[in-house]
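Open the model in your viewer and keep the sequence panel in sight. The stops below tell you what to select next.

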Amino acid sequence: MNITLPTPASPFKIGTRGSPLALAQAYETRTRLMAAFDLSQEAFEICVIKVTGDAIQDRALKDIGGKGLFTREIEEALLDGTIDIAVHSMKDMPVDQPAGLVLDTYLPREDVRDAFVSLTAKGFDDLPQGATVGTSSLRRRSQLLAKRPDLKIVEFRGNVQTRLMKLGNGVAEATFLAMAGLNRLNMGDVPHTPIAAEDMLPAIAQGAIGIERRGDDSRAATLLEALHDGPTGQRLAAERAFLAHLDGSCETPIGGLADLDGGSLRLRGEILRTDGSQVLTDDMTGVIADGAEMGRAMAAKLLERAGPGFFEHN
């Protein structure tokens, strides 16, 4: 298909949040497009869009509207043509797409693990009795309380630098970040310890970058086709189907991870009570093509085991 490639005079506009990590992901997308089509950096424009979720730092996401707070304004800009594509951290993406938009391009997935971050301890088992841990993630909070119910959990938001400053000021003795974010920001010097998925199942789609476009934009579709990583898409199809069937949001502690091995897909899933008092898990393996169905089936099984009221706040 013949398409009109972007030029410095008519650049391809890439929409993103303004955080350092979001910008790093937008730059990676631009670099990959430049390489795929032999284009200069000037043929692209990075458009920073302010989102509600970044403006509110003192309250939990579940109290102010959930995941859509990180995408709404960007998707509005995409729909009205202000930008050509939007680059997202997939773990922030709601499972429902706004009418007219398509999310079917994923870059190769980074490290999926969580990182334990502390100036004094190497892992949560090293924390003293009753220590304070900061996190804004209901999943991480619930997983931590399931292992260490003695710990005090406080709300902890902001970029990496802000969180490290809070640790230095004694607001908390530890927090968590995604390994993918540390890697993409080249921040290996941050005092951290990777947490195996067996010890803390990551968020759905953690470590994955998704690129959203208008459904009727064939030019963007053709450009993005050159970037899409098939294995990442196969893994996310299973994970996001699992999330969708659970009606996952920032108010529901859910972990999930799909891995590929040859022609098979292994899906691990987990739901937790918000106080960590009960954890339900499942583990399924099947053919890759059945990944989405596996996700829905696993979610149905866990919901049946959980019974009504499982996710209610304590």
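**The five-stranded sheet**

Select strand 6 (132–134) and strand 8 (residues 174–178): they run parallel and are joined by two bridges. Strands here are DSSP runs of E with at least two residues, helices are runs of H or I with at least four, and both are numbered from the N terminus. Two strands count as paired if DSSP finds at least two bridges between them. Within this pair, glycine 134 lies opposite threonine 175 of strand 8.

The model is predicted, so local features need pLDDT of at least 70 and side-chain atom pairs count only at pLDDT 80 or more, while totals for chains, interfaces and linings use all residues. Numbering starts from 1 along each chain as its sequence is written, and side-chain values use heavy atoms, with hydrogens and water left out.

Now show the whole open sheet: five strands in the order 7-6-8-5-9, with mixed pairing. Strand 7 (152–154) and strand 9 (192–195) are the edge strands, each pairing on one side only.

Next, add helix 5, which packs on this sheet and touches strand 5, strand 6, strand 7 and strand 8. Its direction makes about 130° with that of strand 8. Such angles run from 0 to 180 degrees between N-to-C directions, with axes fitted to C-alpha atoms, for helices over the stretch in contact. Helix 6 (residues 160–168) also packs here, touching strand 5 and strand 8.

**Arginine 139**

Stay on helix 5 (residues 138–147) and select arginine 139. Is arginine 139 buried or exposed? Arginine 139 is buried, because its relative accessible area is 6% (buried is under 20%, exposed over 50%, partly exposed in between, with a 1.4 Å probe and protein chains only). Its side chain makes a polar contact with the side chain of aspartate 114 at 3.0 Å. A polar contact is a pair of N or O atoms within 3.5 Å; within protein, one must be able to donate a hydrogen and the other to accept it, and residues adjacent in sequence count only if both atoms are side-chain atoms.

**The three-stranded sheet**

Then select strands 11, 12 and 13, an open antiparallel sheet in the order 11-12-13. Strand 11 (254–261) and strand 13 (279–287) are at the edges, each with a single partner strand, so one side of each has no neighbour in the sheet. Strand 11 and strand 12 (residues 264–272) pair over eight bridges. Helix 5 packs on this sheet too, touching strand 11, strand 12 and strand 13 (contact means heavy atoms within 4.5 Å).
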